[in-house]
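Me: I've got a new model open and I'd like to learn how to read it. Could you take me through it feature by feature?

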Amino acid sequence: EIVPGDVGDIVHLALVLLSFLAGALFTDILLPDVSLRLGRRYSFALFCESAFLLTSMLLLNHGIAQGDYWASAACGLQNAMVTTYSGAILRTTHVTGTFTDLGISLGHMLRGIPVDHRRITLYLLLISGFISGGVVGAYTYLQVGYSAFGIPVVLTATLSVSYWGYR
């Protein structure tokens, strides 16, 4: 056996990855341009993300593992949306690249090469936000289970309505 574990687990994890890809693909269809522009359909994208997370929460609260796919699609959607308006500078669902960029910048500093200090501050803020969000999410999950998804559901829905009203 090359990979230990149940074939069903392997298929499930592959579908989680494909769901992330589908979320990113959906975002590109919804927001086909890569530049930040007011008036674009960000409110609808945020509404979809909120709906994906709500669907995930409802399914997972009922023991339905397909909720993982909706959560993963929401992450792909969010990551692609941020990438479209940050030019791939920001990632919101993972921080390995952020740590890499921070390490490169710190290496430049140590070698006396000029660096953009605002960018280092941004990396530190992103890493801090990711870690603190993970801690809050884990603690909330221990308290209320998958209903912890309610926090990002409300946040993304609120941002969606706020942006729609602003627009």
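Me: Let's start with one residue. Is Glu49 buried or exposed?

Reply: The way to judge this is by relative accessible area, with buried meaning under 20%. Glu49 comes out at 3%, so it counts as buried. Keep in mind that this is a predicted model, so what we're reading is computed from that prediction.

Me: Where does Glu49 lie, and which residues does it touch?

Reply: Glu49 lies in helix H2. Setting aside residues up to four places away in sequence, Glu49 touches Ala74, Leu77, Gln78, Met81 and Thr156.

Me: Thr156 caught my eye. Which helix does it belong to?

Reply: Thr156 is in H6, and it's one of the residues there that meet H2. That brings us to helix pairs. Two packed helices are described by the angle between their axes and the distance between the axes. Here, H2 (residues 42-61) and H6 (residues 150-166) pack at about 160 degrees, and their axes are 8 Å apart.

Me: What does that angle tell me about how H2 and H6 run?

Reply: Angles over 145 degrees count as roughly antiparallel, and H2 and H6 are therefore roughly antiparallel to each other. Their crossing is left-handed.

Me: Which residues make up the contact between H2 and H6?

Reply: On the H2 side you'll find Tyr42, Ser43, Leu46, Phe47, Glu49, Ser50, Leu53, Leu54 and Met57. They meet Gly150, Pro152, Val153, Thr156, Ala157, Leu159, Ser160, Tyr163 and Trp164 in H6. Sorted by kind, the contact has 12 nonpolar residues, five polar and one charged.

Me: Let's pick one from the H6 side. Is Ser160 buried or exposed?

Reply: Ser160 lies in helix H6 and is buried, with a relative accessible area of 7%. Leaving out neighbours within four places in sequence, Ser160 is in contact with Ser43, Leu46 and Phe47. Those three are on the H2 side of the pair we just looked at.

Me: What about Leu60, in helix H2? Which residues is Leu60 in contact with?

Reply: Leu60 counts as buried, at 9% relative accessibility. Again leaving aside neighbours within four places, its contacts are Ala65, Gly67, Asp68, Tyr146 and Phe149. Take Tyr146 as an example of sequence against space: Leu60 and Tyr146 are 86 residues apart along the chain, and their C-alpha atoms are separated by 6.4 Å.

Me: Now for another helix pair. How do H4 and H5 pack?

Reply: Read this one the same way, with angle and distance. H4 (residues 96-110) and H5 (residues 117-144) pack at about 145 degrees, with axes 10 Å apart. The crossing of H4 and H5 is left-handed. From H4, Thr98, Phe99, Asp101, Leu102, Ser105 and Met109 meet His117, Ile120, Tyr123, Leu124, Leu126 and Ile127 in H5. That contact divides into eight nonpolar residues, three polar and one charged.

Me: Let's zoom out. How many helices and strands does the protein have?

Reply: It has six helices and zero strands, and along the sequence the pattern reads α-α-α-α-α-α. Buried residues make up 29% of the 167 residues. Among contacts with a separation of 6 or more, 64% are between residues 24 or more positions apart.

Me: What is the average confidence, and where is it highest?

Reply: The protein averages a pLDDT of 87, and 86% of the residues score at least 70. Confidence is highest in H2, at 95, and lowest in helix H3 (residues 67-86), at a mean of 87.

Key: Residues numbered from 1 in each chain as written. Predicted model: local features only at pLDDT ≥ 70, side-chain atom pairs only at ≥ 80, totals over all residues. Heavy atoms only, no water. Axes fitted to C-alpha atoms, helices over the stretch in contact; angles between N-to-C directions. Helix = DSSP H or I, 4+ residues; strand = E, 2+ residues; numbered from the N terminus. Parallel < 35°, antiparallel > 145°, perpendicular 65-115°, else oblique. Left-handed = near helix turned anticlockwise from the far one by under 90°. Contact = heavy atoms within 4.5 Å. Nonpolar A, V, L, I, M, F, W, Y, C, P; charged D, E, K, R; others polar. pLDDT = per-residue confidence, 0-100. Buried < 20%, exposed > 50% of the residue type's maximum accessible area, 1.4 Å probe, protein only.
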